[in-house]
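Colleague: Could you walk me through this model slowly, since I am still new to reading structures?
Modeller: Gladly, and please stop me whenever a term needs explaining.

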Amino acid sequence: MIVTTEYVDIPLPGSPMRTFVAAPAAEGQYPGIWCYSDIFQLTPPLLRFCVRLAGYGFVAAAPEIYRRIEPPGTVIPFDDAGRTRGQQDAARTTVAHFDADCRAGLDWLSQHPRVAPGKIGVVGFCIGGHLAFRAAFQPDVRATVCYYGTGIHDGKLGQDADAQSLARATEIRGELLMIFGTRDPHVPDAGRATIDRALQSSGIRYNTLLYPAEHAFTRDEGPRFDPEATDLAFAEMVRLFRKVIQIGKT
């Protein structure tokens, strides 16, 4: 599919939530996917991901996760200073603020004229993988994909030392896909085992996929990019979204 793109400022108290939106150019309504970035916000790799996802028949909307801290349009560089800045921005944001912005974003997406009613999914990377996991608590989210979500296993998110995300897994009503690289130091074997035990005991519908790759292996800039693992994971994500959201099978 050919895709159109735009930036939208979602009006919210304090500062708008700038959001990149990629959608099929063809008329009609499509499932909406709320797309969470890593700590660097709306970088070129994240925008390319959204465009690619939209080309499969989805409205992909990616918000700036630090809208309360950074000016609209801030893209944090992929360097040591940028990594520090992104981590500091995360540490200054409460989980309550992340959750409130999630609900506001999902409400906006569900009302988008190109989004089919009741067809909402979420995907996220790194810290965005953790934010996507928490978005799955929302009752209108039908499918969620978490790419190498950090802090899920130990609860660390933003200002909160323990956001209790795993303890709330029973609130997930949709289907969940967890994606990890086996060489990811941020989510080691023990961390993945902790997540798996909690999800098994929660009774939710989920699957975990492992690839022989490093953290951020889907980021198509830098030495950790793994094209094969990226393509395989992308195909599994699209398969889930089409099965659960687009077609409606459970």
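Colleague: Where is Gln-164 placed?
Modeller: Gln-164 sits in the loop between strand 6 and strand 7; helices (H or I, at least four residues) and strands (E, at least two) are DSSP runs, numbered from the N terminus. Before we go on, this is a predicted model, in which local features need pLDDT of at least 70 and side-chain atom pairs count only at pLDDT 80 or more, while totals for chains, interfaces and linings use all residues. Residues are numbered from 1 along each chain as its sequence is written, and side-chain values use heavy atoms, with hydrogens and water left out.

Colleague: Is Gln-164 buried, exposed or partly exposed?
Modeller: Gln-164 has a relative accessible area of 41%, so it counts as partly exposed; buried means under 20% relative accessible area, exposed over 50%, and partly exposed in between (1.4 Å probe, protein chains only).

Colleague: And what is its phi?
Modeller: Gln-164 has a positive phi of about 60°, although it is not a glycine. Most residues other than glycine have a negative phi. Gln-41 also has a positive phi, of about 70°, and is not a glycine either.

Colleague: Where is Gln-41, then?
Modeller: Gln-41 lies in the loop between strand 3 (30–36) and helix 1 (44–54), and with a relative accessible area of 1% it is buried. One residue that touches Gln-41 is Glu-70, where contact means heavy atoms within 4.5 Å.

Colleague: What else does Glu-70 touch?
Modeller: Not counting residues up to four places away in sequence, Glu-70 touches Ile-76, Arg-85 and Asp-89 as well as Gln-41. The side chains of Glu-70 and Arg-85 are joined by a polar contact of 2.7 Å, which is a pair of N or O atoms within 3.5 Å; within protein, one must be able to donate a hydrogen and the other to accept it, and residues adjacent in sequence count only if both atoms are side-chain atoms. Glu-70 itself belongs to the loop between strand 4 (59–63) and helix 2, and because its relative accessibility is 8%, it counts as buried.

Colleague: Which residues of helix 2 are buried?
Modeller: They are Gly-82, Gly-86, Asp-89 and Ala-90. Seen down the axis of helix 2, these buried residues fall within an arc of 100°, so they line one face of the helix; the arc is that of the directions from the helix axis to the C-beta atoms. The face turned away from that buried side carries the exposed residues Asp-80 and Ala-81.

Colleague: What covers the buried side?
Modeller: The cover over the buried residues of helix 2 includes helix 3 (95–110) and helix 4 (127–135).

Colleague: How is the N-terminal end of helix 2 capped?
Modeller: Asp-79 caps that end of helix 2, with a side-chain oxygen 3.3 Å from the backbone nitrogen of Ala-81.

Colleague: Back to helix 4: how many of its residues are buried?
Modeller: In helix 4, 9 of the 9 residues are buried, so the helix is largely enclosed by the rest of the structure. Among them are His-130, Phe-133 and Arg-134.

Colleague: Which strands does helix 4 connect?
Modeller: Strand 5 (residues 115–125) and strand 6 pair in the parallel sense over 5 bridges, and two strands pair if DSSP finds at least two bridges between them. The chain crosses from strand 5 through helix 4 to strand 6, and this β-α-β crossover is right-handed; that is, with the strands pointing away from the viewer, the path from the first strand over the helix to the second runs clockwise.

Colleague: Which way do the side chains of strand 6 point?
Modeller: Ala-143, Val-145 and Tyr-147 point one way, Thr-144 and Cys-146 point the other way, and all are buried. In a regular strand the side chains alternate between the two faces of the sheet. With 5 of the 5 residues of strand 6 (residues 143–147) buried, the strand is largely enclosed by the rest of the structure, so the cover is not limited to one side chain direction.

Colleague: What stands opposite Val-145 in strand 7?
Modeller: Leu-177 in strand 7 stands opposite Val-145, and strand 6 and strand 7 run parallel, joined by 5 bridges. On the strand 5 side, Val-123 stands opposite Val-145.
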